[in-house]
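Open the model in your viewer and keep the sequence panel beside it. The stops below go from the whole chain to a few strands and the residues on them.

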Amino acid sequence: MMWHEPPKHTEPDHGQARMWSEPWQLGVRPSLPVVSVRVTVMRVSNVDTAQHTASCKVGVTLLWTDERLKGYDQFLLPGTLWGPELYLMNTVEVKREYEQFALVDPLKGVLKRVINYDAIIDCPMDLTTFPFDVTTVEVRFVTTSHWRTLDQSHHGSSPSTELYRLSTATRPHEGAALQTTFDDRINGFTILRKRLRLEGDSDASAGEPREATNLRAKVWLSRDTRFYVLKTFVPLYMLTAVAFLTLTTAIEEEGALGLRLDLSFTMLLATVALQVVLAHAVPKAKVFTTIDRIALVSVVFVCAIAVFSMVVQQMHDLHDYEWRDLHRVNVSGAIVMLVVYTGICVGVVRAATGYQSTFMSDLIKEEEEEEAYRDGIGWKTARPDLNMQGSDASAPTAADRISRRVAPTVAD
């Protein structure tokens, strides 16, 4: 028997019907073997903001039926037995471990394959709101009917002819489609949400084969901001606030202006020196981050103190104002600038933290819309022969199919 060949195409039973409620094949009764997939994220670590990478270990479990093995009672499976495989796309370095290839149901010929991927993956980050940003760790698998035999002696893909169809695990005995086996806090980050998404990659109309299928497992992480707040924002704010005290020093004595300017320049140098030290603790980003904004505002206000001191001195020299009145101007100016500086800093931080809330709200809304679509049009029209109550919903247009080419989603 040619074990290295894929199973013959068979009609799915009623238990597989829910798997075929995918938008790109509405109204189509499939004739390809269904491969159910479950993803287990076992580890996410070493999220490197500077290099935009993350280390992770992901296990992929594949379940499919091979009718040739119905009633198979041998201890060992044929070494050249065909099995599906997924290719990890967005990786810098990867090690594969083919952990398991077993016949889990001899009566039906159900096979199970487990492949573990220990990888360093590309992890693009938008650092505009750093350190209040949301980091997306995405593990992207792709298949053009990739396959590999049990003994790994033969492998390949079939980009022109689709050999099987992927489906996220939906039946109870298959387990959750996306699982994590670690705590919500990892390496200075906290998990906000996770999701598994199956996507068709071609522009084929309903019923036409797809050249590629993408399986995306995403984990959204929130950065622990306490380190950056205590090591950057607080020192910068305190240095700038102390700089305003130079405006409260006596101005009627000879050389008072020079003393104030000396103090202002000293605080300016201290602020710049702090930023140089902090540069080694924050990632080198091409974008203007929240820390950069706070640092720039601090430098501007320290310089403004020096300019304000010179203006007050000129008010006395040119217009002969009383020292007592000028002292009130100094104190009032210091208070006003400190209030303005504090307001700007609070506004910058609130804008950054507000982005995180907006991002998560949009993500939840998107998932709810997809869920409503799957529970509505997708399920009612995918298998009308199984829809006992009938449906008045019409099939979506081609534009709808393209815009909603998304398979079942799993999220916390």
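Begin with the whole protein chain, coloured by secondary structure: five helices and 14 strands are assigned. Bear in mind throughout that this is a predicted model.

Stay with the full chain and switch on the surface. The accessible surface comes to about 20800 Å², and carbon and sulfur atoms contribute 56% of that area. Of the 412 residues in the chain, 45% are buried. Among contacts with a separation of 6 or more, 75% are between residues 24 or more positions apart.

Next, select residues 53–65, which form strand S2. Is this strand enclosed or open? With buried taken as under 20% relative accessible area, 11 of its 13 residues qualify, so S2 is largely enclosed by the rest of the structure.

Now add residues 34–48, strand S1. S1 and S2 pair in the antiparallel sense, with 10 bridges between them. To find one facing pair, show Asp48 and Thr53: Asp48 stands opposite Thr53 in S2.

Then move to the turn of this hairpin, where four residues lie between S1 and S2. Pick His52 and check its backbone torsions; the phi angle is positive, near 55°.

For the last stop, keep S2 selected and add residues 110–122, strand S5. How many bridges join S2 to S5? There are 13, and these two strands also run antiparallel. Label Leu63 and Lys112 to see a facing pair here: Leu63 stands opposite Lys112 in S5.

With S1, S2 and S5 displayed together, S2 can be seen paired with S1 and with S5.

Key: Residues numbered from 1 in each chain as written. Predicted model: local features only at pLDDT ≥ 70, side-chain atom pairs only at ≥ 80, totals over all residues. Heavy atoms only, no water. Buried < 20%, exposed > 50% of the residue type's maximum accessible area, 1.4 Å probe, protein only. Pairing = 2+ DSSP bridges. Contact = heavy atoms within 4.5 Å. Areas by Shrake-Rupley, 256 points an atom, 1.4 Å probe, with all protein chains shown as cover.
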